[in-house]
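Here is a short report on a protein model with more than one chain. Look at the structure first, then read on.

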Amino acid sequence: MRFANVSRLYGEGEATVRALDGVDLTIERGDFVAITGASGSGKSTAVSILGCLDLPTAGQYFIEGHPVQSLSGDVLAALRNAKFGFIFQSYNLLARTSALDNVSLPLIYAGVGALEREARGYAALAAVGLAGREDARPNQLSGGQQQRVAVARALINAPEVILADEPTGNLDSKTGEEIMQLISSLNEARGITVIMVTHDPKSAAWARRRVVFSDGKIASDTRVSA
Amino acid sequence: MNARATISLALSALLRNRMRSALTMLGVVIGVAAVLMMESLGQGATAYIGATISGMGSNMLMVVPGAPSQRMGGGSGGAALFSLHDLDAIRRGARDVALLSPASQRPLRTVVGGLNRSTVVTGVWPDYLDIRAWSVVKGRALTDDDERQAAQVCVIGHTVEEALFPGRAALNGELRIHDVTCRVVGVLETKGASAFGMDQDDVIFMPFSTWSRRIAGTDRFGLVMAAARSQDRIDDARAQMTSVLRQRRRILEGDEDDFAVRDPREVQAVLDQVTGILTTFLLGVAGISLLVGGIGIMNIMLVSVTERTREIGVRLAVGARSSDILSQFIVEAVVLSAVGGLIGIGVGLGAAFGLARLINVPFIVPTAAVPIAFGVSLLVGVVFGVFPARKAARLNPLAALRFE
Ligand SMILES: Nc1ncnc2c1ncn2[C@@H]1O[C@H](COP(=O)(O)OP(=O)(O)O)[C@@H](O)[C@H]1O
Ligand SMILES: [Mg+2]
């Protein structure tokens, strides 16, 4: 994945906000990248564009050499479905929907049949340590458990890349640590690329590469030796 | 995403908000129910009236004095009554008239022992009962001999039999009508109430000769009853009778008739017209209520799309295509309106069944209206679901996820 001089502008004229301002960034397969920086520096914007939730206003974003702007909406949807898994600070689970249904949601759009969806949903919940809570609704789960459901949902369609926007931001440090362990194990055991926005130095310490954003630009990009 | 998944998704979304879903489909329920109920009752009433009219005798024609244009008042407008010479002339000059009878009637007090009753007594020729396709179930009908001899005999309807001969045989019983003693020779088949609610079995028939000599005191009469040779001869028979009567009554070329030939089929035609107007009116009402129902669905779907913006964002983020979102919301609207339509069909038919029993007309399932009503309610869902669904499908994934 490669950003070439990517900019993302919000608003027009005087009020224009340059959320990203000419960013060049290449992310290698299997890497574990932490993105840090001040609030409003463009971290979420960058991750959203990387995950095809949004498109650059200017510049080019290439996935495996293909410019994303040339892809149709349906292809972008398919990429979000199969290639990327998202984890958000606020979990973004469907309310009044069981953990099992939340986890297997991506499979509906992958065209997977009901029986297989259920089986894979059970397996994914078990993999994040939530076996037995399949029927629980989000409001019956703790924050850490909800984030585990979100991780299971991100994992279920065997993505190549996990995009996490402050995954521990709403969690206490102990629960955050557990979630970080889970995410890190995905990177190590399954070779999934992880790109994670975080404010928390302890979380950032799990990554192998640290990119710091400032005012929509990359201020520093360092590799952390383990 | 396949159709089954889409439908089960829509159902679970609607079931999550049962009360709102029920209220949303109410407009469609009421619209469809009203149409089906009225359509069923209309068809029932038409069938009932049609059966009554054909029960009058299918080739029947009636002639009454008074110009057709003055008939609304009901009176003869001073036009002369008919005479037996008129009937002779019709018999000779109207080839397509097969059966012919005078009819003259009056309600009279009828006494049997200690019992008495006011009943319409009619003097007729023997043909009369054939014209009305009315048979005798006990005893015999009136005969030509009765007529020739002015016999003091009569046939009576079922109601008269019950009222004046309770628990005993009416045949050969004696009635006193207006100081004339009549022997009952026959009891008529039951006809029930007429389309206008009159008891058709509360009747007594006697030979016209007896009637005119002993009761009316005149052989002039106000009604000619005739039957055409066959169904397709009715119009010919009518034209022939008209021309004979115009001659007899010395009506000049170009002047209006001072009598009217009536055909029960005309009543049917008027009823059909009324039913037609009613149906058109109902379709209008139905259209409006379905429109209102559809707008209700659209309104709630728009609210729902706004409320569920984050849900849409989550779905888009995990790989829903905008066409998946579009079909999800259209299917929700269609399920609402289709379920509303089905409930409306059930409610409408149920209400029609109850009302049909209450007003005593046959209950008819309007077979054409049921699928049309269902189809229209599906259509309402599609038409009014498209706009909110497109709004949902056009959302940008990131903006939807960040929606507060
Ligand atoms: N939808 C939007 N409309 C206008 N401005 C926005 C929008 N989204 C983000 N921004 C602006 O873009 C900048 C970068 O935002 P973001 O990427 O969310 O920052 P971070 O995640 O680093 O806190 C901020 O100044 C923010 O106000
Ligand atoms: Mg952010």
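A polar contact is a pair of N or O atoms within 3.5 Å; within protein, one must be able to donate a hydrogen and the other to accept it, and residues adjacent in sequence count only if both atoms are side-chain atoms. By that rule, 6 residue pairs are in polar contact between chain A and chain B, with both residues at pLDDT 80 or more.

This is a predicted model, in which local features need pLDDT of at least 70 and side-chain atom pairs count only at pLDDT 80 or more, while totals for chains, interfaces and linings use all residues. Residues are numbered from 1 along each chain as its sequence is written, chains are lettered from A and ligands numbered from 1 in the order in which they are written, and side-chain values use heavy atoms, with hydrogens and water left out.

**Where the chains meet**

Contact means heavy atoms within 4.5 Å. On that basis, 23 residues of chain A touch 21 residues of chain B. The area buried between the two chains is about 2,000 Å². Buried area is the accessible area (1.4 Å probe) that two parts lose on being put together, summed over both. Carbon and sulfur atoms give 57% of it. Leu53(A), Arg96(A) and Tyr109(A) supply 31% of the area that chain A buries against chain B, more than any other three residues.

A salt bridge is a side-chain nitrogen of Lys or Arg within 4 Å of a carboxyl oxygen of Asp or Glu. Between chain A and chain B the count is 0. Over all chains, the structure holds 27 salt bridges.

One residue to find is Thr45(A), in helix α1 of chain A. Helices (H or I, at least four residues) and strands (E, at least two) are DSSP runs, numbered from the N terminus. Thr45(A) counts as buried, at 6% relative accessibility. Buried means under 20% relative accessible area, exposed over 50%, and partly exposed in between (1.4 Å probe, protein chains only). Beyond its neighbours within four places in sequence, Thr45(A) has contacts that include Tyr10(A), Leu20(A) and Arg402(B).

**Three salt bridges in chain A**

| Pair | Closest N to O distance |
|---|---|
| Glu160(A) and Arg29(A) | 3.7 Å |
| Arg223(A) and Asp31(A) | 2.7 Å |
| Lys174(A) and Glu178(A) | 3.2 Å |

Glu160(A) and Arg29(A) are 131 residues apart and link distant parts of the chain. Glu160(A) is partly exposed at 34%, and Arg29(A) is exposed at 62%. Arg223(A), in strand β10, and Asp31(A), in the loop between β2 and β3, are 192 residues apart. Arg223(A) is exposed at 53%, but Asp31(A) is buried at 5%. Lys174(A) and Glu178(A) both sit in helix α6; they are 4 residues apart, so about one helical turn separates them.

**Around Arg208(A)**

Arg208(A) lies in the loop between α7 and β9 of chain A. Its relative accessibility is 30%, so Arg208(A) counts as partly exposed. Which backbone oxygen does the side chain of Arg208(A) reach? That of Gly30(A), at 2.8 Å. Arg208(A) is also in contact with Asp31(A) and Arg223(A), among others. Arg208(A) and Arg223(A) are 15 residues apart in sequence and 5.9 Å apart in space, C-alpha to C-alpha.
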